[in-house]
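Trainee: Got a minute to go through this one with me? I'd like to start with the overall picture.
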Amino acid sequence: ITEINSAVHSTGPHVQGVLNLLDNTADDGGTLVVPRFPERFECWAAALGAVEDNHEEQTASHVVERRQGGGSYKFALDDPIYELAHRVPLREGSLLLWDQRT
């Protein structure tokens, strides 16, 4: 299994980050993370079914493919993944980094 953007363990770290330009709190914004998601990824991906069945015109949560290959997954506001998510409020100038590999 690979993520839609092809970030896999075998290719080494794939670091992503967010630089906060303004303070934010849990009430007014921030990045949502799902703790320990790599441990849940295979089950989550299997529950989605085929990528072809998850395009924008077919489902509320959907795949957005890029012309160059890869893509991203957009979650509907009522998606059950939000029950596992935690908002990460950050102060101005904070840099949040993570390894996006599955």
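Trainee: What percentage of the residues of the protein chain count as buried?
Mentor: It's a predicted model, to be clear. Of the 102 residues in the chain, 26% count as buried.

Trainee: And which elements does the protein chain have?
Mentor: One helix and six strands. Going from the N terminus, the order is β-β-α-β-β-β-β.

Trainee: How much of the contacts comes from residues 24 or more positions apart?
Mentor: Counting contacts with a separation of 6 or more, such pairs account for 68%.

Trainee: OK, on to Leu-90. Where is it found?
Mentor: Leu-90 sits in the loop between strand 5 (86–88) and strand 6 (95–99).

Trainee: Is Leu-90 buried or exposed there?
Mentor: Buried, because its relative accessible area is 14%, and the cut-off for buried is under 20%.

Trainee: Which residues is Leu-90 in contact with, leaving aside neighbours within four places in sequence?
Mentor: Asn-20, Leu-22, Asp-23, Asn-24 and Leu-96. One of those, Asp-23, belongs to the loop between strand 1 (15–19) and strand 2 (31–33). Also, the C-alpha atoms of Leu-90 and Gly-30 are separated by 6.9 Å, with their positions 60 residues apart along the chain.

Trainee: Switching to the surface: which residues form the negative patch?
Mentor: Asp-23 again, together with Asp-27, Asp-28 and Glu-92. So Asp-23 is a contact of buried Leu-90 and part of that patch too.

Trainee: Last one: how much area does the protein chain expose?
Mentor: About 7,400 Å², and carbon and sulfur atoms supply 53% of that.

How values were computed: Residues numbered from 1 in each chain as written. Predicted model: local features only at pLDDT ≥ 70, side-chain atom pairs only at ≥ 80, totals over all residues. Heavy atoms only, no water. Helix = DSSP H or I, 4+ residues; strand = E, 2+ residues; numbered from the N terminus. Buried < 20%, exposed > 50% of the residue type's maximum accessible area, 1.4 Å probe, protein only. Contact = heavy atoms within 4.5 Å. Areas by Shrake-Rupley, 256 points an atom, 1.4 Å probe, with all protein chains shown as cover. Patch = residues over 30% accessible without salt bridge, like charges linked within 9 Å, V, L, I, M, F, W, Y side chains within 5 Å. Salt bridge = Lys/Arg side-chain N within 4 Å of Asp/Glu carboxyl O. Lys, Arg positive; Asp, Glu negative; His and termini not counted. Charge placed at Lys NZ, Arg CZ, Asp CG, Glu CD.
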